[in-house]
Amino acid sequence: MACGAASAALLAATPASADSGGVGPPGTTPPASTTPPPSTTTPPTTTTPGAKAKIVNGLAVAPASAPPAVQAVIAAANRIGTRPYVWGGGHKAWSSSGYDCSGSVSYALHGGGFLDSPMDSSGLEGWGSRGRGSWITVYANAGHAYAVIAGLRWDTSGNRRGISGPRWHKNLRTARAGSYVVRHPDGY
């Protein structure tokens, strides 16, 4: 499913109630009325040795050597890691019942303090610094965005049949030269 600049136009016409519910802003606890139902997957609370994250029960375990901001990005992504794909989800507000590609990348980056407001995939093309990062790399074009964080891919595409939404992947995509703009947070 594509997501991109067109989602901004839809969001401008979408009533606020269409994007309510779900999880709160990264690093916060939503009010009881918007607290998501208990997940069947328990988020990892420890780290793993080395410099690469690993996937346990569908969620990422941050590497112990990762800087705190990178660990916070992983923790934020885990909070929405079982949400469904919703076109435009995560753009009008951090709290959403589901997330699209750039909404899920934005949510994760906000968790580490790298974004103040959600960006669509076209906006992510100009975000941060050029090239690959040492811990976080964002790949964006007008129709899609995903990130590689501590060696794992955070993406809404390439999910198992019947599963939608942002998920962690061990396999990295092969991005054709020129098909994505490659960005990273400065210093990461």
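User: Let's start with strand E6. Which of its residues point one way and which the other way?

Analyst: This is a predicted model, so read everything here as computed from it. In E6, Leu152 and Trp154 point one way, while Arg153 and Asp155 point the other. All four are buried, whichever way they point.

User: What are the neighbours of E6, and how do the strands run?

Analyst: For strand pairs, look at the bridges and then at the direction. E5 is joined to E6 by three bridges, and the two run antiparallel. E6 and E7 are also antiparallel, again with three bridges. You can pick out partners across each pair: Ile149 sits opposite Leu152 of E6, and Arg153 has His169 in E7 as its bridge partner.

User: What does the turn between E5 and E6 look like in terms of phi?

Analyst: That hairpin has two residues between its strands, and one of them, Ala150, takes a positive phi near 50°. Ala150 isn't a glycine, yet its phi is positive. Another residue to check is Asn57, a non-glycine with a positive phi of about 55°. Asn57 lies in the loop between E1 (54-56) and E2.

User: Are those two buried or exposed?

Analyst: Go by relative accessible area: under 20% is buried and over 50% is exposed. Ala150 comes out at 4%, so it is buried. Asn57 has 60%, so it is exposed.

User: Now the core. Which residues touch the most other members?

Analyst: The largest nonpolar core has 32 residues, and Ile74, Leu109 and Ile149 touch the most other members. At least two residues each come from helix H2 (68-79), helix H3 (101-111) and strands E4 (136-140), E5 (145-149) and E6 (152-155). H2 gives the largest share, six residues.

User: What does Leu109 touch, if I skip residues up to four places away in sequence?

Analyst: With those left out, Leu109 touches Val73, Phe114, Leu115, Leu124, Trp127, Ile136 and Val138.

User: Back to H2. How do its ends compare with the span you'd expect for twelve residues?

Analyst: Count 1.5 Å per residue, for one less than the number of residues. For the twelve residues of H2 that gives 16 Å, and the end C-alpha atoms are 17 Å apart, which agrees.

User: Which residues of H2 are buried, and what do they pack against?

Analyst: The buried ones are Ala69, Val70, Val73, Ile74, Ala76, Ala77 and Asn78. The buried residues of H2 pack against strands E2 (59-61), E4, E5, E6 and E7 (167-169), and also against H3.

User: Last feature: aromatic rings. How many pairs are there, and how are Tyr99 and Tyr107 arranged?

Analyst: A ring pair is described by the distance between the centres and the angle between the planes. The count here is seven aromatic pairs. Tyr99 and Tyr107 are edge-to-face, at 5.5 Å centre to centre with 65° between the planes. Planes over 60 degrees apart earn that label, while those under 30 count as stacked. For Tyr139 and Tyr146, the centres are 4.8 Å apart and the planes are at 10°, so this pair is stacked.

User: Where do these tyrosines sit, buried or exposed?

Analyst: Tyr99 is buried, with a relative accessible area of 0%. Tyr107 is buried too, also at 0%. Tyr139 and Tyr146 are both buried as well.

User: Which residues does the cluster of ring pairs link?

Analyst: Trp94, Tyr99 and Tyr107 are linked into a cluster by ring pairs.

Terms used: Residues are numbered from 1 along each chain as its sequence is written. This is a predicted model: local features need pLDDT of at least 70, side-chain atom pairs count only at pLDDT 80 or more; totals for chains, interfaces and linings use all residues. Side-chain values use heavy atoms; hydrogens and water are left out. A nonpolar core is a set of buried Ala, Val, Leu, Ile, Met, Phe, Trp, Tyr and Cys residues joined through side-chain atoms within 4.5 Å. Buried means under 20% relative accessible area, exposed over 50%, partly exposed in between (1.4 Å probe, protein chains only). Contact means heavy atoms within 4.5 Å. Rings of Phe, Tyr and Trp (its six-membered ring) pair if their centres lie within 6.5 Å; planes under 30 degrees apart count as stacked, over 60 as edge-to-face and the rest as tilted. Two strands pair if DSSP finds at least two bridges between them.
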